[in-house]
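Q: I'm new to reading protein models and would love a close look at one part. Could you walk me through the packing inside this one?

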Amino acid sequence: MARSIEDITYAYDQMRQKYRNRDSRWSDVLEVRKGNINNVFPGLFPAEYPKPMVANFIDVAARDIAEVIAPLPAINCSATNSVSDRARSKADKRTMIAAGYRDQSKLQTQMFTGADRYITFGALPFIVEPDYEQNMPIIRVDNPFNAYPEFDRFGRLLSYTKYYQKPVQDLINEFPEHESAILGPVERRGSMRPMQIVRYQDKDQTVLFLPERGNFVLEKAKNPLGKLNVVYAVRPGVDSDDDQRGQFDDVLWVQVARSRFATLQLEAAQKSVQAPFALPSDVNILEMGPDSTIRSANPEKIRRVDLNVPPGLFTESAILDQEMRMGSRYPEGRQGMAQGSIVTGRGVEALMGGFDTQVKTAQSVLAEALAQVFGLAFEMDEALFGNIEKTVRGVDAGAPYEITYTPKKDIDGEYIVDVTYGLMAGLNPNQALVFGLQARGDQLISRDFLRRQMPWEINVTLEEQKIEIEKLRDSLVSAVSAYAQAIPSLATQGQDPGEILGRIATVIDGRQKGTPIEQVIAEAFAPQAPPQSEMVEAPGQEQPVPGSTGEAPTGGASGLSAATGGPRGVAPGQVGQGGRPPIQYLLAGLTGAGKPTLASSVTRMVPAG
């Protein structure tokens, strides 16, 4: 049964109370990220230096970590029968459909902001919404600030409530039918005062209401899927569902201390430069400026008053910097400030160890969330736009594609999507390559599995086809090369190499014209029609000898060619039954004195076919 507006507002008030401490921490972190640290800690900075004198470490670290996490994982729809070409073809089509959702939603661009929010706040909501203009689902990365998730005891999301503000005038323009309710008794129509709006979503409905106007409902819609179309990714923690701590919640005071120490050091340097002069008693006139002259019997006593700056001030600043990196898990190696020798790279790997593990953890959480997101997109596409034929264009794994699909036919209830950053996520490229090749060489994994786990996006089926085509083309080129290398041997046997050379020349000419190698070879080595018999059989004439071409015997009753010594119509060296060996068989070699070594042999060969 759907919740009433009274139940929704009661749950909303309870969740705001529950997440009160979380909202306070997030508000402080957000102000520090914006550089407004004086708003969070008023009175700690003098009027001369209201802003910190050091770089905003939290903002720099958050942006850097987010840019590492932001690249999207590989999206693959696996077939239930991996050896069936038809099943694999359908799975590849679903993969391209999912890629269409990703591209139409501009998900990669959204993820740079989304990854930053995940690191800063420790949570990231994804919302799948229908786009009735394009007739397809759209994925939106929401802001977790002022968002209140409701989980059951199994950690499943029950409802998602988002609080935000909008000027009164904009609300009236969006909902003109509710103008009187929005304005109330005292509000003016052109007012730009921000008004609170709450959006509530669960598996049954989506409700938009105004708490300031007695929880007046602006819009209410039934959920057509029967399930919540929101996925809420939470950073792992001790009590992540209720607390949702960001990565920088506990280092705000350290950042303030660093900023305060930097201000004190600047003040100390300023006072050292502007310290008063100490002059001997015989100096009555103090000249200022360049090339000024001070007359004194004791010039060595003319100096500025020393300002004793405690050396511990600089030591404490370095300690705070180290604490800042430790608390935020941001190593020095990310900024190229590794100490000691880095010739072998082991020092850098040790420094980067914590950074790599947190990246891998974040990618694992986001991959699980994105798998649910694309599953919801499939289900929404089939439920709302099932019979609408659509065309999706985009680029998948570096290759452009265009497909036409109908959700009910091509999705057909298959909502499972494999979203992975690769088995080698968290490893550097060299480690990932060596690990994958070792596992593949020992036959622990298949080529298909290794391709799907690579730390970059790849169309597995298309890449496999390309590799097979390359191998077959290499085989064709090798075959032609071997055919050319056999010319001396064939010539030695008495065959005419002209036909071979002509075919190879045809292949070269075709490649120069840009014709694909497989087409050139197919045309050059196409089977030729057999030559017409030189003999016209007369009535009563005897049948030709097997292995000959049926030529009429000339030059004697033997029926042999006077030129080759073999049967007429038989190529030299292809001696059939009863033929004489060619002269090449007789002159087989030379002795050391230059005399020929004579040998004679008879070779009987049966023509093919």
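A: Here is a friendly tour of the nonpolar packing, followed by one pair of helices. This is a predicted model, where local features need pLDDT of at least 70, side-chain atom pairs count only at pLDDT 80 or more, and totals for chains, interfaces and linings use all residues. Residues are numbered from 1 along each chain as its sequence is written, and side-chain values use heavy atoms, leaving out hydrogens and water.

A nonpolar core is a set of buried Ala, Val, Leu, Ile, Met, Phe, Trp, Tyr and Cys residues joined through side-chain atoms within 4.5 Å; buried means under 20% relative accessible area (1.4 Å probe, protein chains only). The largest such core here has 65 residues, and Tyr-101, Phe-126, Leu-366 and Phe-374 have the most contacts inside it. Its largest share, 13 residues, is supplied by helix 11 (residues 346-384); helices are DSSP runs of H or I, at least four residues, numbered from the N terminus.

Now zoom in on Phe-126. Setting aside neighbours within four places in sequence, Phe-126 has contacts (heavy atoms within 4.5 Å) that include Met-111, Val-141, Leu-366, Ala-369 and Val-373. Another core, of 23 residues, lies apart from the largest one, and Val-198, Tyr-200, Val-207 and Val-230 are among its members.

Finally, look at helix 17 (residues 498-512) and helix 18 (residues 517-524), whose axes come within 9 Å and cross at roughly 150°. Axes are lines fitted to C-alpha atoms, for helices over the stretch in contact, with angles from 0 to 180 degrees between N-to-C directions. Helix 17 and helix 18 are therefore roughly antiparallel to each other, a label for angles over 145 degrees. Residues making this contact include Arg-503 and Val-507 of helix 17 and Val-520 and Ile-521 of helix 18.

Technical notes. Buried means under 20% relative accessible area, exposed over 50%, partly exposed in between (1.4 Å probe, protein chains only). Helices (H or I, at least four residues) and strands (E, at least two) are DSSP runs, numbered from the N terminus. Angles under 35 degrees count as roughly parallel, over 145 as roughly antiparallel, 65 to 115 as roughly perpendicular and the rest as oblique.
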